[in-house]
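The following exercises are intended for a reader who meets this structure without prior knowledge. Please examine the sequence and the structure before working through each solution.

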Amino acid sequence: MAKVIKTAALVVGAVALVATGVGAIGLAGIAGAATVAGISASTLFLVAGGLSVAGALLTKQPSVPSSMSDRLNATIDPKAFRKTWLGSTAGPVDVRYVEWFGNDQERCGWIVAHASHAIEGVDEIWFDDELAWTAAGGTQGKYNGYFWVRYQTLEGSAANVTSFGSGKWNGSHRLTGCAWSLFEFKVTGNSKKAESPFSGGLPSRITIIGRGGKLYDPRRDSTVPGGFGPMRVDEQSTWRYVADDGATIGENLALHALRVVLGWRINGILATGTGVPGRKINLASWITAANLCDEQVNRSAGGTEPRYHGAGVISEGDDVSSVLDMLCAACCGRFTDTNGRLGFAISHNDLATIATDDGLNDDDVIGQFSWDPDPGTDVPNVVSGKYTDPSNASLYQLVPYPDVRIDSADGIERPQTIDLAWVESPSQAQRVCKQVLQRAQYNRMFRSTFDIRAWKYGVGQVFPFTFAPLGFIRVPFRVIEQDIGPNGTCLMALRFETQAVFAWDADDAAPVQAAAPIIYDTRNSPLIRGIAEAGGTAAWSGVYGEGKPQDNADVTGENTAKDTVSVSGKPAAEVVSDAEIHAMGILTLNARQDDLVQIVGAAAFVDGQPVSTTFLNFRRDQTDVNSALASTLDLIAAKNADGTAVIMNLQTVMASPTQTMAQKFSELAAIGTMDDGSTVKATVQFLQEVFVGDGQSYSKTILRSDVNGVFGAFSILADGVTRRSTMAFIANEFYFVDQNGGNPTRPLTYVGAQNGEPARWEFGADIYAKRIVADVIETKNIKANQVTGKTYFQQSWGNGIDIGQIGPSGTKVWATFGGATPVQVSPQGLTIPLGTDVEIDFFVNMQRTGSDNDRVWFRLRRESAKTGSAIIGDTMRAGMSNFPTVVSWPWVDKVPVEDQYLYTIEAYRDEGGGTYFSAKLICSTGKR
């Protein structure tokens with residue numbers, strides 16, 4: 001978006017258009033106004049070359065940029081597009097540099113870019129669905145000792161650099177202006193090889209949760225009308241995630257749209273966004289929009305929430321129109337244009353503004369008009385889609401929000417899918433989609449050419465419209481399309497507005513309602529209204545000027561009053577009575593269409609019936625025929641997108657009484673009698689099927705061989721909805737044949753339950769593998785003698801045991817080795833289960849200090865509350881010389897009961913003088 005500014009034919013909240021009935025921007029009088037690098041703002045954000053918003057785009061749905069899903073997986077791509085991270089959400093995991101280092105390359109370092117701008121902070125890191133790190137507590141759980149965030153900067157510069165491994169990443173590589181971190185993984189265990197959680201590979205599903213970019217808020221800029229504070233649109237150092245007054249503004253959707261429009265610069269060069277200068281933006285409109293987004297609204301589940309907040313990640317590789325569509329859809333927003341300055345508006349109930357507006361009327365309509373009061377039968381009655389779930393259960397994946405629906409008038413479900421990737425609240429998603437569905441029920445359009453006075457309203461504005469031919473008296477309409485006609489006339493498309501659309505402006509609880517019917521008031525007929533107006537203006541007392549006849553004048557030409565009682569020889573009272581009768585007849589005919597139908601029907605007959613009856617019967621019969629034909633054609637085919645061809649529905653067109661054209665089925669069969677008289681039927685069946693429609697798309701192939709119920713089958717299925725393919729086999733044995741010859745290899749055989757063994761698959765050939773990764777590997781021989789849950793404990797003594805701590809020489813009296821500091825070990829007071837092996841390894845370093853021989857005897861004592869005290873195993877005898885002698889001795893004890901145990905070394909010496917000892921006692925436990 002920043003480096004290559006693409007022309008966006010229409011950057012609008014597409015769903016917001018459907019929801020509010022508002023066009024993207026009114027462009028009156030701004031052609032060639034705001035420019036960026038020679039490109040006008042209207043070209044960037046509006047329909048190029050005109051002031052109209054194409055009506056077909058009003059039903060366009062917002063797309064979800066790939067950056068919103070890619071952010072949840074680590075990608076190693078040094079040339080990845082720059083990313084923008086806005087709001088509190090999951091940020092990008094763009095790995096820009098990787099290096100293995102350490103002993104046997106047991107460590108791996110990642111330089112992870114979070115955003116191409118300054119961010120507020122990183123709070124948590126998750127691997128798959130497990131919390132691995134927090135800003136407050138560091139590494140968590142099983143990742144402790146195996147994962148570190150060695151370095152982190154929220155905005156890279158020459159002042160915050162680091163190096164690791166070989167030093168290739170150093171001060172010359174600092175991702176200037178970007179937020180990034182240094183991750184370090186250890187793939188080998190700290191005590192044994194299998195302990196590292198990364199021994200099977202580094203994680204790919206990584207969720208980095210934090211608070212994204214700083215925003216400009218014109219409400220806090222004293223240079224903007226209505227603003228107050230130190231922020232400035234052209235000084236990024238004043239932008240904030242949390243404003244100086246303590247308010248969190250980082251999740252305001254209107255400010256997100258403004259941030260994308262303004263962009264972000266690094267060292268004065270545009271890095272992200274579109275880069276529209278602040279002077280070309282109607283910042284006052286963003287103040288109103290931001291306030292509407294922050295207003296608290298009620299939740300049906302209880303409590304309140306901001307009207308329109310959200311968060312997400314966008315890429316410079318994303319289409320700019322798709323990005324702004326997504327942002328506008330999340331807040332029912334639209335871009336506007338006032339005198340060449342780009343603005344923003346949030347859909348809300350603004351119908352009160354028409355109370356003091358004179359609006360437009362019959363005199364302003366100067367051309368033919370069209371009025372479409374019925375949106376037709378394709379009106380959706382169900383809106384469904386997905387929003388971003390920030391809970392720990394989903395970790396910012398798109399999940400469905402509850403469907404919004406009303407009853408279908410004809411019983412046929414007509415769904416509309418709206419994905420709101422930037423929305424992280426299900427109740428906000430409900431409010432948006434209820435407006436979408438309610439607006440669709442009131443898709444009533446008026447089109448005509450208006451006089452120049454209509455230019456006072458721009459696209460998106462609402463006004464009262466009085467139009468006698470249709471009985472409109474100050475009916476609210478909103479400008480949807482606007483274009484210039486001959487001699488400055490205004491070509492406009494207007495959409496009917498109603499309070500019903502705004503029922504969810506401050507609450508998500510109200511249900512969607514069917515559209516109220518249009519009622520025509522005959523008193524608004526232009527003939528009736530014209531006569532009424534004439535009656536008011538032709539009052540005799542109001543007539544004056546030269547040529548006015550005298551009061552009670554006759555029609556003889558003198559315009560003088562004469563006492564006459566006849567007109568052309570006919571009594572005046574009779575003339576007046578006849579005139580009244582004819583006038584009432586004319587009024588009645590013009591005011592009541594049903595009377596007119598009766599008059600015409602009474603005057604003309606076809607085959608003995610009034611013409612009106614004949615016509616109505618014909619129309620009804622023809623409608624039934626057309627409906628039946630349309631239903632049949634729908635089963636056969638449908639038009640392509642541009643209407644130039646038809647696409648045959650292979651799923652409903654039958655190629656035979658039992659087979660559609662989407663299926664290809666063949667069968668070979670043979671029936672015969674065996675030598676024992678039994679009848680055998682053998683078949684080979686082959687089915688091929690493809691299908692696209694009704695929310696499904698798949699292709700499948702099935703091959704089946706069967707002989708009297710003994711069968712084998714093979715199937716392949718490709719599912720376009722789940723994006724998965726499956727291959728299935730049904731057989732008792734599987735063989736592989738070397739294409740170069742040799743006997744077939746039978747690697748797999750299915751064996752049913754027998755001899756107490758469960759049903760299972762058995763391998764019938766040697767298996768060679770370079771690497772096996774499995775949760776459980778079980779063999780019969782190893783299982784019988786396996787040692788599980790092995791734990792180590794040890795105690796050490798050094799330079800502290802002298803001859804006096806062993807006892808008198810030659811007494812053969814056993815004493816605790818070490819005296820007051822006994823050489824003993826307990827598995828940290830743990831209860832050892834029955835059947836657990838306890839291995840005691842005793843190491844002692846001895847040296848004689850006298851001239852005679854020294855001999856020392858050692859033994860092991862076990863103590864517990866349940867078993868009491870007992871000597872375990874053999875007694876060890878050791879001799880010493882004038883040089884240090886290291887002696888070791890193992891004991892293995894199988895505990896008889898579950899209890900807590902203490903193991904102590906005892907000793908005595910049978911001769912010898914001074915001695916010098918140091919010792920280590922190691923205890924390991926494990927169940928065999």
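**Exercise 1: A strand and its partner**

In this predicted model, the residue K83 has S315 of strand 18 as its bridge partner. Determine how strand 4 and strand 18 run and which way the residues of strand 18 point.

*Solution.* Step one: strand 4 covers residues 83–86 and is joined to strand 18 by four bridges, the two running antiparallel. Step two: along strand 18 (residues 312–315), G312 and I314 point one way, while V313 and S315 point the other way. Step three: all of these residues of strand 18 are buried.

**Exercise 2: Classifying aromatic pairs**

Classify the pair F446 and F467 by its geometry, then state whether F446 is buried or exposed.

*Solution.* Step one: the structure holds 38 aromatic pairs. Step two: in the pair of F446 and F467, the centres are 5.3 Å apart and the planes meet at 70°. Planes over 60 degrees apart count as edge-to-face, therefore this pair, at 70°, is edge-to-face. Step three: F446 belongs to strand 27 (residues 445–450) and F467 to strand 28 (residues 462–467), so that the pair links distant parts of the chain, 21 residues apart. Step four: F446 is buried because its relative accessible area is 0%, and F467 counts as buried at 4%.

For contrast, F691 and Y698 form a tilted pair, 5.7 Å centre to centre with 40° between the planes. Both F691 and Y698 are buried.

**Exercise 3: Charges over rings**

Which ring lies under the charged end of R704?

*Solution.* That ring belongs to F711, with the charged end of R704 4.4 Å from its centre. Likewise, R444 lies over the face of F496, at 5.5 Å from the ring centre.

How values were computed. Residues are numbered from 1 along each chain as its sequence is written. This is a predicted model: local features need pLDDT of at least 70, side-chain atom pairs count only at pLDDT 80 or more; totals for chains, interfaces and linings use all residues. Side-chain values use heavy atoms; hydrogens and water are left out. Buried means under 20% relative accessible area, exposed over 50%, partly exposed in between (1.4 Å probe, protein chains only). Two strands pair if DSSP finds at least two bridges between them. Rings of Phe, Tyr and Trp (its six-membered ring) pair if their centres lie within 6.5 Å; planes under 30 degrees apart count as stacked, over 60 as edge-to-face and the rest as tilted. A charge sits over a ring if NZ of Lys or CZ of Arg is within 6 Å of the ring centre and within 35 degrees of the ring normal.
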